[in-house]
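Welcome, and thanks for taking a look at this one. Please open the model in your viewer and keep it at hand while you read.

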Amino acid sequence: MLGQTVTTPASFWRPCWNETFTQDTERTQTRTEAEATCAVMRETYTALGYEITELPRADIATRADFVCAQLAI
């Protein structure tokens, strides 16, 4: 994938927020590991040419409205 042209440069980003972080049988990373993974993923997407738009720290309906507004739908 490296070196390829990004055809959809926009990416919505929902970082690891302390308010919503949880660990369970399916999400085994610690908060520290999750934050580190998030940072590496953001760096990688940026390096690949994606334009990152961070989602607002709000409820799901507000985030959905934000995405629709950004996409003008």
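The report below goes through the fold, the strand pair, the aromatic residues, two further residues and the main pocket.

## Overall fold

Please keep in mind that you are looking at a predicted model. The protein contains two helices and two strands, and read from the N terminus its elements follow the order β-α-β-α. Of its 73 residues, 15% are buried.

## The strand pair and its crossover

Let us start with the strands. Strand β1 covers residues 10–13 and strand β2 covers residues 51–54; the two pair in the parallel sense, with four bridges between them. Between these strands the chain passes through α1, giving a β-α-β crossover that is right-handed.

Two positions help to fix the register in your view. Ser11 has Ile52 of β2 as its bridge partner, and Trp13 stands opposite Glu54 in β2. The side chains of β1 alternate along the strand. Ser11 and Trp13 point to one face and are buried, whereas Ala10 and Phe12 point to the other face and are not buried.

## The aromatic cluster

How many aromatic pairs does a search of the whole structure find? The search turns up two. One of them joins Trp13 and Tyr45 in an edge-to-face arrangement, with 6.0 Å from centre to centre and 65° between the planes. Because Trp13 belongs to strand β1 and Tyr45 to helix α1, this pair ties together parts that lie 32 residues apart in sequence. The angle of 65° is over the 60 degrees that edge-to-face requires.

Tyr45 also pairs with Tyr50, again edge-to-face, at 5.2 Å centre to centre and with 80° between the planes. Taken together, Trp13, Tyr45 and Tyr50 make up one aromatic cluster.

Are these rings buried or partly exposed? Trp13 counts as buried because its relative accessibility is 7%, under the cut-off of 20%. Tyr50, at 19% relative accessibility, counts as buried too. Tyr45 has a relative accessibility of 31%, so Tyr45 counts as partly exposed.

## Two further residues to find

Met41 is worth selecting next. This residue sits in helix α1 and is partly exposed, with a relative accessible area of 38%. Along the chain, Met41 and Pro15 are 26 residues apart, and their C-alpha atoms are separated by 9.8 Å.

Now try Gln23, which belongs to the loop between β1 and α1. Gln23 has a relative accessibility of 46% and therefore counts as partly exposed. From Gln23 to Ala34 the C-alpha distance is 10.0 Å, and the two are 11 residues apart in sequence.

## The largest pocket

Finally, here is the pocket. The largest pocket has a volume of about 280 Å³, and 13 residues line it. Which of these residues lie nearest its centre? They are Arg14, Pro15, Cys16, Phe21 and Ala34.

Where does the largest share of the lining come from? Helix α1, which spans residues 31–47, supplies that share with three residues. Sorted by class, the lining consists of eight nonpolar, three polar and two charged residues.

Two of the residues nearest the pocket centre, Pro15 and Ala34, have already appeared above. Pro15 is the residue whose C-alpha atom is separated from that of Met41 by 9.8 Å, and Ala34 is the residue 10.0 Å from Gln23, C-alpha to C-alpha.

How values were computed. Residues are numbered from 1 along each chain as its sequence is written. This is a predicted model: local features need pLDDT of at least 70, side-chain atom pairs count only at pLDDT 80 or more; totals for chains, interfaces and linings use all residues. Side-chain values use heavy atoms; hydrogens and water are left out. On a 1 Å grid over the protein atoms alone, a cavity is a set of points where a 1.4 Å probe fits but cannot get out, and a pocket is an open set with protein on both sides within 12 Å along at least five of seven lines; lining residues have an atom within 4 Å of a point. Grid points are joined across faces, edges and corners, and a volume is the space filled by probe spheres set on the points. Ala, Val, Leu, Ile, Met, Phe, Trp, Tyr, Cys and Pro count as nonpolar, Asp, Glu, Lys and Arg as charged, and the others, Gly among them, as polar. Two strands pair if DSSP finds at least two bridges between them. A crossover is right-handed if, with the strands pointing away from the viewer, the path from the first strand over the helix to the second runs clockwise. Rings of Phe, Tyr and Trp (its six-membered ring) pair if their centres lie within 6.5 Å; planes under 30 degrees apart count as stacked, over 60 as edge-to-face and the rest as tilted. Buried means under 20% relative accessible area, exposed over 50%, partly exposed in between (1.4 Å probe, protein chains only).
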